[in-house]
Structures are given as structure tokens and as C-alpha cells.
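User: I should be grateful for a close look at a single residue of this structure and at the parts of the fold around it. Please connect the description of that residue to the sheet and the pockets, in terms that a first-year student can follow.

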Amino acid sequence: MLKAGDSQRVAELMRETAAAELLPRFRNLAKHEIREKKPGDLVTVADVASEQRLASGLAKILPGVPVVGEESVHADPSLVDLIGRPGESCWIVDPLDGTANFAAGRDRFAMIVCLVHDTRTIGGWILDVPNDRMAVAEKGQGVTLDGVAVHGKAPAGRPNGLIGDRVRKEFDRQLSDGQRARLGELTTLRCAGREYIEMLAGRYNFSLYRMTKPWDHAAGALMLTEAGGNALRFNGAPYGPADPMESGIMASPSLQVLAEVRAVFEAVQMPLLAPPA
């Protein structure tokens, strides 16, 4: 449904939005421009302005296709249902991924856009805003990072992973020395979009998340799959943006790495990692 040139128009819109709404506010926010949507979940004036500009621009690229944005979903949670409509399309937007980093002046934040049709992601764009790195994928057409095709491969040594602090602590607590030794460095950048960029760049080899909000993961999951890897739910089923957000996700641009991570994951037992019944 994307016409020739549409993907580039999305990328240009994202860069224009970042230049207009995010970068001028970075390390320049007043206290009243940052608030909590709920405890520990920040939003800033930059998030809201960025989403509004993106929604307006995307409406011009594909008229009539609704936008499911992170901030609009906070105001109206029923908008998430648009993602799971058979035969229908929608955009999913994270206008400022890594808001806590942004608000604290840390340069790890991104912008994510994806296009869903018939409950599946068919296009994804991630902009690493501070470093101006852009990843783009269309279903069946591969993925590029700054215009260069990405083909995932297993690392020569142990795979490094991106895992949240709580999950990492459970890995370290529960795994035997031998099991833990199958994996390399485990850390988090606290920005899903930046993490997907780093996996495509080869710095990290996999990620694991308990919560899978579609604006965080739909684009990146498509990208790693197009690179030759996959994104799986904790129960082993392929990731889908309309699936429950508590289903978990393990993702890698390498099928070999993903199999290794799944084998280690199966040795960890705790409610935090348990797949939904």
C-alpha cells in the first residue's frame, strides 16, 4: 500500500519532526514541561508536539489511515484496538522513545513509526535522533541502516544482550555459572528504538522484554526479521503487534543467537517471565 517514494517521505517527516520538536527541547525543558502519566512513566511537551506533527504528516502520506500514537492511547486506550482489525491499516507512532532519558538529558532517545496492515507490521522506521541514524524496513524487502542493507549474523563469541534490570538480576540469580556463561554482557539502554538500532549495527545481538507495547517493538521486530532473524513471544509464537502486551518478546537478527537465548531463557522460572496462560 506504500507507493514509490512513500517510505522516504516517512523518513523525511521523522527527521523534520525531530529537528522541530525534539532537538530544540533536549536539555532545555522547564520543570513544568515534564510530568508523570503514572508513577515512573514520564511525558514531556516534546512527546506531545512530536506526535501531533507526525500524525499530521502521516495523514498526508496515506490519507484516511488512522494513527495509534503512544500519547493518544494514554488519553483513549481503545485506540489500541485499531491495530488488531482484520484487513485494515493503521500507523503506530512512538514520538519520543526513551522519554526518561530525554528528560534527564541523556542522549539515548529515538522516534519510531510503523505501518500495520491486517494485524501485521508491513513497514518500520526508527530514527536514533541524537546520532541521526535511520533504520528502515518493508516486509519482504529487507532492512537498511543508513541506507546500507543489514544481514544478521551470529557473533564470534558469546552474544551480548539488552535486558531490563529486573530480568537481568533474575538471570544472574537463577542461572548456574555454566548457563550464564552462554551469554555475554547484559545491559539496557532504556530506549527500545536505540536498542534495535544497536542490534542492527552489530553492537548487541539480542533483546528480551517482558512488556511489549507495540509503539516500542512493532517496527524493530520487523527489522530484525528482515535482517534474517526473528522476534518471538515467550511461548515461542511469532511476535505480532496486536498480541497482548504482557506476552514478552525475545528478538535477534540471528536465528542462531535467538535459539541460544531461548535455551537459556527456559532455565529461568519466575512470574516476571511466565508467559500468559
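Analyst: Ser 207 has its place in strand S12. The model described here is a predicted one. With a relative accessibility of 1%, Ser 207 counts as buried, since buried means under 20% relative accessible area. If its neighbours within four places in sequence are left aside, Ser 207 is in contact with Leu 162, Tyr 196, Met 199, Ile 249, Met 250 and Ala 251.

The strand that holds Ser 207 belongs to a sheet. Strand S12 covers residues 206-209, and it is one of five strands that form an open sheet with mixed pairing. The order of the strands is S11-S10-S12-S14-S13, which places S12 between S10 and S14. Strand S11 (186-187) and strand S13 (230-232) stand at the edges of this sheet. Each of these two has a single partner strand, so one side of each is left without a neighbour in the sheet.

On one side of S12 in the sheet order is S10, which comprises residues 161-163. S10 and S11 run parallel and are joined by two bridges. Within this pair, Gly 161 stands opposite Leu 186 in S11. A helix also meets this part of the sheet: H5, residues 165-174, lies across S10, S11 and S12. The direction of H5 is at about 115° to that of S10.

The same region leads to the largest pocket. This pocket holds about 1,000 Å³ of space and is lined by 34 residues. Those nearest its centre are Gly 40, Arg 190, Tyr 209, Lys 213 and Asp 216. Among the elements that give two or more residues to the lining are S10, H5 and S12, together with helix H7 (192-201) and helix H8 (214-226). Strand S2 (41-44), strand S4 (89-97) and helix H4 (99-103) also contribute at that level. By class, the lining has 13 nonpolar, eight polar and 13 charged residues.

The second largest pocket contains about 280 Å³ of space. Its lining includes Lys 37, Lys 38, Asp 41, Glu 70, Val 73 and His 74. Pro 77, Val 80, Met 211, Lys 213, Trp 215 and Met 245 also line this pocket. Lys 213 was named above as one of the residues nearest the centre of the largest pocket. Strand S1 (34-38) and helix H3 (70-75) each supply at least two lining residues, and H3 provides the largest share, with three. This lining divides into six nonpolar, one polar and five charged residues.

Strand S4, which contributes to the lining of the largest pocket, leads to another set of paired strands. Nine of the nine residues of S4 are buried, so this strand is largely enclosed by the rest of the structure. Strand S3 (residues 67-69) runs parallel to S4, and three bridges join the two; in this pair, Val 68 stands opposite Ile 92 in S4. S4 also pairs with S5, in the antiparallel sense, over seven bridges. Two examples of facing residues in that pair are Asp 94 opposite Ile 112 and Trp 91 opposite Leu 115.

Strand S5 (residues 110-117) has seven of its eight residues buried, so S5 too is largely enclosed by the rest of the structure. S5 is joined in turn to strand S6 (residues 120-128) by eight bridges, and these two strands run antiparallel. Here Cys 114 stands opposite Gly 124 in S6. S5 and S6 form a hairpin with two residues between them, and Asp 118 in the turn has a positive phi of about 55°.

Asp 118 also provides a link to a residue that may be set beside Ser 207. Arg 85, found in the loop between H3 and S4, is in contact with Pro 66, Asp 118 and Thr 119 when its neighbours within four places in sequence are left aside. At 25% relative accessibility, Arg 85 counts as partly exposed, whereas Ser 207, at 1%, counts as buried.

Note on methods:
Residues numbered from 1 in each chain as written. Predicted model: local features only at pLDDT ≥ 70, side-chain atom pairs only at ≥ 80, totals over all residues. Heavy atoms only, no water. Pairing = 2+ DSSP bridges. Helix = DSSP H or I, 4+ residues; strand = E, 2+ residues; numbered from the N terminus. Contact = heavy atoms within 4.5 Å. Axes fitted to C-alpha atoms, helices over the stretch in contact; angles between N-to-C directions. 1 Å grid on protein atoms, 1.4 Å probe; cavity = no way out; pocket = protein on both sides within 12 Å on 5 of 7 lines; lining within 4 Å. Points joined across faces, edges and corners; volume = space filled by probe spheres on them. Nonpolar A, V, L, I, M, F, W, Y, C, P; charged D, E, K, R; others polar. Buried < 20%, exposed > 50% of the residue type's maximum accessible area, 1.4 Å probe, protein only.
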